[in-house]
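Student: Could you take a close look at one part of this model with me? I'd like a connected walk through it rather than a list.

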Amino acid sequence: MAVTALAMLIALAVDRLWGEPPARWHPVVAMGRYLGCTGARVAPTTGQTHRPWRVFLLGALAWALGATLVVVLAAGVVTLVREAPPLWQALLLGLLLKPLLAWRLLHEEVWAVETALAQSLDAGRARLAWLVSRDVTALTDAEVRESAIESLAENLNDSVVAPLFWFVIGGLPGAALYRFANTADAMWGYQEERQGRDWTWAGKWAARADDVLSWVPARLTALLLVLWRPWRMWWHLPREARLTPSPNSGWPMAAMALSLGVRLGKPGVYTLNAEGRAPGAADTEPAILRATRAVQTVCAGALLCLVWEGLQ
């Protein structure tokens, strides 16, 4: 347990100090290349006649093959590291875990949206398009901020809490499997046509797999965001979280909305904390601070584990 806790702290420290590794060495980039290559063969082109069950099966098999490769490679690395002294194990595992999480990049991108909005609405929309997959061309400045803050909350789970959760549960293979599943959902998990291909059945397995693996971490992320807030927020959280189509993303987003006292939503789809005010320029920094405190709480938990192990 001490090795796991120290590896988590090392990974977060490396992320804080140096950010992302070069793309050519980045495992998530490699996962994306695999998914892009296989996705082009799995998802039928728009208007192409196809059998849904066959497309679903191909998508599930391609996902399973990629997941197996990721887990086997991660397990092989762990086997090599296992013979090293505990401190070296923690250092090596921390360095290998780092590319599977991305806290520094996330809050920098969210802050960049606010900086761009200060220049012009069009600049804010263009910067937001780096973060979200939705159409941003008709969003108002308040809606751009809503989307950025929502992305911060949702990706706090996807890019930080969930990889660390699965690292604790399943070691490096667990974190790698989660990151693959989350990347597959981001690239394949659409219920519609996208970029000339129909993902309705091709990405269904990827979407459900991510739902399953994100279920517990999403709720933990929500609790971390409201942990130091008034108790009444805890009672409203489940009701608000259920308003989104996703079984998971609503939890951290609703927690952020309640914590800040702002309204967040996707036009025509859902509204979280409907009685809240529209987010303004002054709300971006507090949102980042809330997320930062959540990460700091995780670090504090890891430190407590180290202290406890040291006392045994």
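Student: Let's start from one residue: in which helix does Leu91 lie?

Tutor: Leu91 lies in helix 4, which covers residues 86-97. Keep in mind that this is a predicted model. Leu91 counts as partly exposed, with a relative accessible area of 31%. It has company at the surface: Trp88, Leu91, Leu92 and Leu95 make up a nonpolar patch there, and together they have about 360 Å² of accessible area.

Helix 4 also turns up in the second largest pocket. That pocket has a volume of about 520 Å³, and helix 4 is among the elements that give two or more residues to its lining, along with helix 2 (27-42), helix 3 (52-81) and helix 7 (141-188). The lining has 25 residues, and His26, Pro27, Met31, Leu73 and Leu100 are the ones nearest the pocket centre. By class, the lining breaks down into 20 nonpolar, 2 polar and 3 charged residues.

Now step off helix 4 into the loop that joins helix 4 to helix 5 (103-119), and you get to Lys98. Lys98 is buried, at a relative accessible area of 2%. Its side chain meets that of Glu20 in a salt bridge, 2.8 Å from N to O. Glu20 sits in the loop between helix 1 (2-18) and helix 2, so this pair ties together parts of the chain that are 78 residues apart in sequence. Glu20 itself is partly exposed, with 27% relative accessibility, whereas Lys98 is buried. The pair isn't on its own either: Asp15, Glu20 and Lys98 are linked in a network of salt bridges. As for the general idea, side chains of opposite charge can pair when their charged atoms come close.

A search of the whole structure finds 10 salt bridges, and two others are worth a visit on the way along the chain. One of them joins Arg127 and Glu109, with the closest N and O atoms 3.2 Å apart. Here Arg127 belongs to helix 6 (residues 121-128) and Glu109 to helix 5, and the two are 18 residues apart. Arg127 is partly exposed at 23% relative accessibility, while Glu109 is buried at 15%. The other joins the side chains of Glu150 and Arg134, again as a salt bridge, at 3.2 Å from N to O. Glu150 is in helix 7 and Arg134 is in the loop between helix 6 and helix 7, so this pair ties together parts 16 residues apart in sequence. Glu150 is buried, with a relative accessible area of 1%.

Helix 7, which we met at the pocket, leads on to Gly189, found in the loop between helix 7 and strand 1 (193-194). Gly189 is partly exposed, with a relative accessible area of 26%. In space Gly189 and Ala202 are 8.2 Å apart, C-alpha to C-alpha, and in sequence they are 13 residues apart. Gly189 also lines the largest cavity, together with Tyr190, Gln191, Trp199, Thr200, Gly203, Lys204, Ala207 and Arg208. That cavity holds about 50 Å³ of space, and the search of the whole structure finds 1 cavity of 30 Å³ or more. Its lining has 3 nonpolar, 4 polar and 2 charged residues, in contrast to the 20 nonpolar, 2 polar and 3 charged residues around the second largest pocket.

Notes: Residues numbered from 1 in each chain as written. Predicted model: local features only at pLDDT ≥ 70, side-chain atom pairs only at ≥ 80, totals over all residues. Heavy atoms only, no water. Patch = residues over 30% accessible without salt bridge, like charges linked within 9 Å, V, L, I, M, F, W, Y side chains within 5 Å. Areas by Shrake-Rupley, 256 points an atom, 1.4 Å probe, with all protein chains shown as cover. Salt bridge = Lys/Arg side-chain N within 4 Å of Asp/Glu carboxyl O. Helix = DSSP H or I, 4+ residues; strand = E, 2+ residues; numbered from the N terminus. Buried < 20%, exposed > 50% of the residue type's maximum accessible area, 1.4 Å probe, protein only. 1 Å grid on protein atoms, 1.4 Å probe; cavity = no way out; pocket = protein on both sides within 12 Å on 5 of 7 lines; lining within 4 Å. Points joined across faces, edges and corners; volume = space filled by probe spheres on them. Nonpolar A, V, L, I, M, F, W, Y, C, P; charged D, E, K, R; others polar.
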